[in-house]
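The following note sets out points on the fold, the helix packing and several individual residues. Please read it alongside the coordinates.

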Amino acid sequence: MSNQSPVIIAGAGPSGCVLALSLAKQGIPVQLLEKCDSLPIDLRASTFHPPSLEMIADLDEGVIGKMLERGLRADRYQYRDRATGEVATFEMSQIADETRYPFRLQLEQYELTHFICDALVGYPCAEVRFGCELVDYAQDAVGVTAIVRTPEGEQQLRGSYLVGAEGARSVVRKRSEIGYMGFTYDEKFLVVSTSFPFEDVFEDFSYVNYVSDPEEWCVILRTDKLWRVLVPVFPTSEAEEAYYLSDEFVQSRLKRLHARDEDYDVHHRSIYAVNQRVAETYYQGRALLVGDACHINNPLGGMGMNGGLHDAFNLADKLQGVILEGADAEAAFSLYDRQRRELAVEFVQRHTIENKKLMEARDPDVQRKRQQMLMETAADPQRARAFLLERSMINCVRESLSVQ
Ligand SMILES: Cc1cc2nc3c(=O)[nH]c(=O)nc-3n(C[C@H](O)[C@H](O)[C@H](O)COP(=O)(O)OP(=O)(O)OC[C@H]3O[C@@H](n4cnc5c(N)ncnc54)[C@H](O)[C@@H]3O)c2cc1C
């Protein structure tokens, strides 16, 4: 690493990794700290929208090449009504003139972090430290001091800026006393993965399916390796949560989707709380926030991780201007905040809340109208195009860049 103080990034999730590689490519010293001993491999986001693919492609040909090779291309997605069997299919080819990548790439988010950490090895100005947990920090006029817990004990690291990319429980956000406004839903989401080939039993099944049902809605999507099913559950105690994770409950839910005598092979199951929150600011002096550290939302529509990636690219640009070109830091970070935070409130929160409301309506009349509206939209090329530009986040990235 050079003598220049590094930008310290806490958290090697998708947002932190993308930011680290973006800065390293500019020759900016960067220290990426990850509290785990290696990159976490857990089933979380699995959809990359077209703007994210374009940004990653512009960043590193090798990384996008590996992603495209490993991932599945979902060139359409469907809204299905289980009660009537009706299907609204949105064909991504309808926006092929708007993007180089007219598909959703279905790939586990940990694949991206692994590809990026492999790429970072080639940059002497970049250091990735595992088993290094940010526990506190302080800032002064010329830099930041990060206090980290490591197997060798507590250490202090000096940097030029500190970026909190450590997820929803961000230490940077909490220590900066930045409020995280919003709410937590009553229900949680149960996610189960299986290798059962749903495509063989449901006709014309796409890789991404939002399924409404009078009793229980669900999402069924295919990642590069497995099918994943997400259903809402309402645990009010640890015992209830354990029941929702039991074979009995998990098998009953899978068998409701498609009845079979044998049990499904279940590779993974987890329950997580669902929030809609946005930080009241994305920066405070030399401390900056990206990704889940500053916004979280329900996963319907796959906007959480993608929004975090878009933050990281935007912030990389601002940091580059400040560090390499001497741009005014306050003006640059204030622009970052306007371009990304206001959008998170207006666009991502609105769409994800709407998506969930559409899915969970139990009134058969509301469900029928919803399915009708989606089918009419999908059948009308102009409306389908407008829908796809919104839901694939192309519009919101363009709007974000037009904010001054
Ligand atoms: C269970 C679950 C399922 C999800 N499913 C979906 C989905 O299906 N679709 C979707 O769009 N989104 C989903 N999300 C949200 C999506 O995964 C996040 O939006 C995305 O991971 C955000 O990326 P990030 O890099 O900002 O944070 P994270 O991915 O949370 O990464 C943060 C990293 O920081 C590390 N870390 C934490 N604290 C510290 C610290 N103090 N010091 C150093 N390192 C630290 C963590 O170990 C982690 O590696 C899901 C989230 C969860 C929790």
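1. Exposure and backbone at E177. This is a predicted model. E177 counts as exposed, because 8 other C-beta atoms lie within 10 Å of its own, and 12 or fewer is the criterion for that class. The residue sits in the loop between α5 (171-175) and β13 (180-194). Its phi is positive, at about 55°, although E177 is not a glycine. For context, most residues other than glycine have a negative phi.

2. A second positive phi, at M393. Is M393 buried or exposed? With 25 C-beta neighbours inside 10 Å, M393 is buried, since the class begins at 20. Its phi is near 70°, again a positive value in a residue other than glycine. M393 belongs to the loop between α12 (381-391) and α13. The two loop residues may thus be read as a pair: E177 is exposed, whereas M393 is buried.

3. Overall composition and dimensions. The protein contains 13 helices and 20 strands. Its radius of gyration is 22 Å, close to the 22 Å that the globule rule gives for 404 residues, so the protein is as compact as a globular protein of that length. The C-alpha trace spans about 65 × 50 × 40 Å along the principal axes.

4. Burial and contact range. Of the 404 residues in the protein, 46% are buried. Among contacts with a separation of 6 or more, 74% are between residues 24 or more positions apart.

5. Packing of α1 on α9. Two packed helices are described by the angle between their axes and the distance between the axes. Helix α1 (residues 14-25) packs against α9 at an angle of about 25°, and the axes are 8 Å apart. The helices are therefore roughly parallel, as the angle is under 35 degrees. The contact draws on P14, S15, V18, L19, S22 and L23 from α1, and on M305, G308, L309, D311, A312, F313, L315, A316 and L319 from α9. By class, these residues comprise 11 nonpolar, 3 polar and 1 charged. The crossing of α1 and α9 is right-handed.

6. Packing of α2 on α9. Which residues of α9 does α2 meet? P51, S52 and M55 of α2 are in contact with N306, L309, H310 and F313 of α9. This contact has 4 nonpolar and 3 polar residues, with no charged residues. The axes of α2 (residues 50-59) and α9 (residues 304-325) come within 10 Å and cross at roughly 35°. The crossing is left-handed, whereas α1 passes α9 in a right-handed crossing. L309 and F313 appear in the contact with α2 and also in the contact with α1.

7. Packing of α10 on α13. Helix α10 (residues 329-360) and helix α13 (residues 394-402) have axes that come within 9 Å and cross at roughly 140°. This angle makes α10 oblique to α13, because the roughly antiparallel class applies only over 145 degrees. The crossing is right-handed. On the α10 side the contact involves Q339, R340, L343 and F347, and on the α13 side C396, E399, S400 and L401. The contact has 4 nonpolar, 2 polar and 2 charged residues.

8. Surroundings of M375. M375 lies in helix α11 (residues 364-379). It counts as partly exposed because it has 16 C-beta neighbours inside 10 Å, a number between the limits of 12 and 20. Leaving aside neighbours within four places in sequence, M375 is in contact with E86 and A88. How far is the C-alpha atom of M375 from that of E280? The separation is 38 Å, for residues 95 apart along the chain.

9. Exposure of F183. F183 is placed in strand β13. With 10 C-beta neighbours inside 10 Å, F183 counts as exposed, because the number does not exceed 12. The C-alpha atoms of F183 and E108 are separated by 27 Å, and the two residues are 75 apart along the chain. The loop that holds E177 runs between α5 and this strand.

Notes:
Residues numbered from 1 in each chain as written. Predicted model: local features only at pLDDT ≥ 70, side-chain atom pairs only at ≥ 80, totals over all residues. Helix = DSSP H or I, 4+ residues; strand = E, 2+ residues; numbered from the N terminus. Rg over C-alpha atoms; globule rule 2.2 N^0.38 Å. Contact = placed C-beta atoms within 7 Å. Axes fitted to C-alpha atoms, helices over the stretch in contact; angles between N-to-C directions. Parallel < 35°, antiparallel > 145°, perpendicular 65-115°, else oblique. Left-handed = near helix turned anticlockwise from the far one by under 90°. Nonpolar A, V, L, I, M, F, W, Y, C, P; charged D, E, K, R; others polar.
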